[in-house]
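I opened a new page for this chain and kept short notes as I went along. Here is what I looked up, in the order I looked it up.

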Amino acid sequence: MSLHLSDITLTYPDGDSRLTALDHVSLHVPEGSLTAVVGPSGSGKSSLLAVAATLIAPDAGTVTVDGTPTTGMTRAELTALRRRTVGIVFQQPNLLPSLTAVEQLQVMARIDGRKPRGARERAMELLDTVGLADQAGRRPHQLSGGQRQRVNIARALMNDPTVLLVDEPTSALDHERGAAVVGLIARLTHARAVATVLVTHDRAHLASADRIAEVHDGRLRRTATVP
Ligand code: ADP
Ligand code: MG
């Protein structure tokens with residue numbers, strides 16, 4: 001149960017030529033570990049996550065999820081793989097305004113074809129894990145920014161992913177709440193043996209990471225193990 005990016009190159013159309021967003025990037029994320037990805041704006045961090053999530057196919061290179069190479073999979077196979085194994089947390093929580101916190105999670109299970117009853121219990125368990133058991137009946141506008149982001153994280157865990165991909169989850173939060181959210185992601189990563197990639201612009205968060213990968217101009221410049 002791990003995530004492996006091998007020699008990934010990704011380009012986007014750019015007028016008459018192509019812009020290289022990722023340039024021969026390789027990254028291995030073992031289960032139960034958190035890799036923080038840092039780098040300046042425009043360096044390719046979100047592109048790296050989109051490729052890891054199999055949302056964008058790279059020009060070259062292989063994404064391997066839980067030992068299965070995803071190259072050559074059909075769209076339907078990739079969708080099924082994502083539902084089963086990948087949890088994604090974007091910058092903005094994108095919660096549905098009309099649903100309560102627990103319902104935001106239950107919707108995920110319905111997509112997965114699970115029975116709503118078991119799903120409700122699982123959703124409540126996860127809300128409890130992220131410290132929101134008492135907010136289960138609230139809608140997004142009744143929650144703080146930090147609470148919404150915690151619902152977002154709990155939702156990403158609903159289908160028990162083995163890979164968790166998180167893109168700047170704290171950009172809308174103050175420093176203290178941001179640190180709490182990153183601490184939570186680190187704890188869940190270790191407790192659930194998830195392979196997590198966390199993109200962050202805040203170097204203070206690096207203390208929660210097991211490894212740090214630095215991206216510059218689409219190249220992975222350095223990976224370091226946090227002592
Ligand atoms: P980061 O997340 O580090 O800010 P991105 O991965 O979003 O970086 O972007 C990397 C580079 O690719 C940037 O130069 C950006 O302008 C370009 N880029 C990102 N997405 C697209 C797209 N959909 N089409 C064209 N260029 C893109
Ligand atoms: Mg980005």
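Which side chain meets that of D174 in a salt bridge? I found R177, at 2.8 Å from N to O. For me a salt bridge is a side-chain nitrogen of Lys or Arg within 4 Å of a carboxyl oxygen of Asp or Glu.

Before going on, I noted that this is a predicted model, where local features need pLDDT of at least 70 and side-chain atom pairs count only at pLDDT 80 or more, while totals for chains, interfaces and linings use all residues. Residues are numbered from 1 along each chain as its sequence is written, chains are lettered from A and ligands numbered from 1 in the order in which they are written, and side-chain values use heavy atoms, with hydrogens and water left out.

**Entry: around helix α6**

I checked how covered the D174 and R177 pair is. D174 is partly exposed, with a relative accessible area of 40%, and R177 is partly exposed too, at 47%. My cut-offs: buried is under 20% relative accessible area, exposed is over 50%, and partly exposed is in between, using a 1.4 Å probe and protein chains only.

D174 also turns up at the start of α6, where one of its side-chain oxygens comes within 3.2 Å of the backbone nitrogen of E176. That fits a polar contact: N or O atoms within 3.5 Å, one able to donate a hydrogen and the other to accept it within protein, with residues adjacent in sequence counting only if both atoms are side-chain atoms.

I then followed α6 itself, residues 175-191. Its 17 residues reach 24 Å from first C-alpha to last, close to the 24 Å expected at 1.5 Å a residue. The expected span is 1.5 Å times one less than the number of residues. Helices (H or I, at least four residues) and strands (E, at least two) are DSSP runs, numbered from the N terminus. Among the buried residues of α6 I listed V181, V182, L184, I185 and L188. Just after the helix, A193 has a positive phi of about 55°.

**Entry: the other salt bridges**

I counted four salt bridges in the structure. R219 and D23 make one of them, at 2.9 Å from N to O. This pair links distant parts of the chain, since R219 sits in β10 and D23 in β2, 196 residues apart. D23 is buried, at 19% relative accessible area.

D160 and R192 make another, at 3.7 Å. D160 lies in the loop between α5 and β7 and R192 in the loop between α6 and β8 (195-199), so the pair ties together parts that are 32 residues apart in sequence. R192 counts as partly exposed at 28%, and so does D160 at 45%. I also saw that R122, D160 and R192 are linked in a network of salt bridges.

**Entry: the six-strand sheet**

What is the order of the strands in the open sheet of six? I read β6-β7-β8-β3-β9-β10, with mixed pairing. Two strands pair if DSSP finds at least two bridges between them. The edge strands are β6 (86-89) and β10 (219-225), each pairing on one side only. The twist averages 15° from one strand to the next. Axes here are lines fitted to C-alpha atoms, for helices over the stretch in contact, and angles run from 0 to 180 degrees between N-to-C directions.

I looked closely at β7, where five of five residues are buried. V163, L165 and D167 point one way, and L164 and V166 the other. β7 pairs in the parallel sense with β6 over four bridges and with β8 over five. L164 stands opposite G87, and its bridge partner in β8 is T196. At the far end of my list, β9 (211-216) and β10 run antiparallel, joined by six bridges.

**Entry: the four-strand sheet and α1**

A second look gave me an open sheet of four strands, β2-β1-β4-β5, with antiparallel pairing. β1 (3-14) and β2 pair over nine bridges, and H4 has H28 as its bridge partner in β2.

Helix α1 (45-52) lies across β1, β2 and β4 (60-65), running at about 120° to β1. Is α1 buried or exposed? Seven of its eight residues are buried, so it is largely enclosed by the rest of the structure. Those buried residues pack against β1, β2, β3 (33-38), β4, β7 and β8, with contact meaning heavy atoms within 4.5 Å. After α1 comes T54, with a positive phi near 60°.
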